[in-house]
Amino acid sequence: MIAKTGFNIKAVFITHMHTDHFVGVFGLIETLSLNERREKLTFYVPEEKAKFLATLFRMFGYHNLRFPIEVVGLRDGDEVNFGRYRILAFKTEHTTPSLGYALIERDRPGKFDRAKAEELGIPPGPLYSKLVRGESVEVGGRIITPDMVVGPPRPGRKVVYTGDTRPCERTVEVAKDADVLIHDASFTSDLQSWAEETKHSTAREAAEVAKRARVRTLILTHVSARYSKDATPLLEEAKEVFENVMVAEDFMTLEVKYRD
Ligand SMILES: [Zn+2]
Ligand SMILES: [Zn+2]
């Protein structure tokens with residue numbers, strides 16, 4: 001409500017079943033119910049915890065709501081397709097079964113070279129769209145193939161969210177060349193052993209993952225309350241390793257630009 005995103009929610013992805021990461025869904029469900037929602041809402045969760053969440057929902061009587069609620073368990077490598085983009089689940093390392101999620105946008109068609117098309121005598125209109133879709137067309141007895149007027153496909157954007165985790169290889173792999181990596185950075189390095197014990201990451205570790213994955217922007221999140229007044233120690237530590245870094249704030253928005 002505060003972020004004014006509206007309630008047009010199709011699915012909810014839960015990284016792991018620690019209460020600070022999922023109790024919000026109950027209030028959300030009640031609100032959607034008051035808003036007279038009718039469409040199905042799907043909750044994705046690490047598969048080991050799917051039964052547990054479904055049981056909680058039943059205990060709260062959510063099977064009697066006027067919109068269906070579905071719980072789907074996911075494993076490392078599973079994908080959920082939303083058309084223009086997909087969500088890839090990847091295994092992370094925390095004190096309970098946990099997943100990170102990558103939003104991976106589809107590549108967009110290449111740029112259409114209008115001047116070149118005119119030069120080749122292609123009349124503007126439906127033939128242009130055919131070429132952009134990757135189909136060849138015939139103009140005055142001559143075959144024009146898409147590569148003659150359409151550039152190479154342009155990469156879609158990739159945003160990766162780790163949830164609570166130790167730094168891990170799988171994150172580096174999934175976050176390769178990502179536009180944005182949102183990584184656990186609960187502590188600074190003076191609390192390294194505490195980070196290891198609680199299976200969280202330090203700001204330095206998050207920055208090392210970002211550097212190795214060659215992401216464009218790193219956002220530090222899940223910041224411990226001890227830095228709530230001043231997060232600069234986290235930022236400074238991360239910056240020693242990776243320059244383009246920010247600390248997440250509630251309701252922060254970030255425009256993720258295309259690469260071209
Ligand atoms: Zn946790
Ligand atoms: Zn947490």
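A residue counts as buried when its relative accessible area is under 20%, as exposed when the value is over 50%, and as partly exposed in between. Arg204, with a relative accessible area of 28%, is therefore partly exposed. The model described here is predicted.

**Salt bridges in the model**

The structure holds 15 salt bridges. Three of the pairs are listed in the table.

| Pair | N to O distance | Separation in sequence |
|---|---|---|
| Lys40 and Glu70 | 3.2 Å | 30 residues |
| Asp179 and Arg259 | 3.2 Å | 80 residues |
| Arg204 and Glu240 | 2.9 Å | 36 residues |

Lys40 sits in the loop between helix H2 (24-34) and strand S2 (41-46), while Glu70 belongs to strand S3 (residues 69-74), so their salt bridge ties together parts that are 30 residues apart in sequence. Lys40 is partly exposed at 44% relative accessibility, and Glu70 is partly exposed with a relative accessible area of 30%.

Asp179 lies in the loop between helix H6 (169-174) and strand S10 (180-184), and Arg259 in the segment after strand S12 (245-247). Is each partner of this pair buried or partly exposed? Asp179 has a relative accessible area of 4%, which means that the residue is buried. Arg259, at 40%, is partly exposed.

Arg204 is part of helix H8 (residues 203-213), and its partner Glu240 is in the loop between helix H9 (232-239) and S12. The salt bridge thus links distant parts of the chain. Glu240 is exposed, because its relative accessibility is 60% and the cut-off for exposed is over 50%.

Some salt bridges share partners: Asp76, Arg170 and Glu173 are joined in this way into one network.

Definitions and conventions: Residues numbered from 1 in each chain as written. Chains lettered and ligands numbered in written order. Predicted model: local features only at pLDDT ≥ 70, side-chain atom pairs only at ≥ 80, totals over all residues. Heavy atoms only, no water. Salt bridge = Lys/Arg side-chain N within 4 Å of Asp/Glu carboxyl O. Helix = DSSP H or I, 4+ residues; strand = E, 2+ residues; numbered from the N terminus. Buried < 20%, exposed > 50% of the residue type's maximum accessible area, 1.4 Å probe, protein only.
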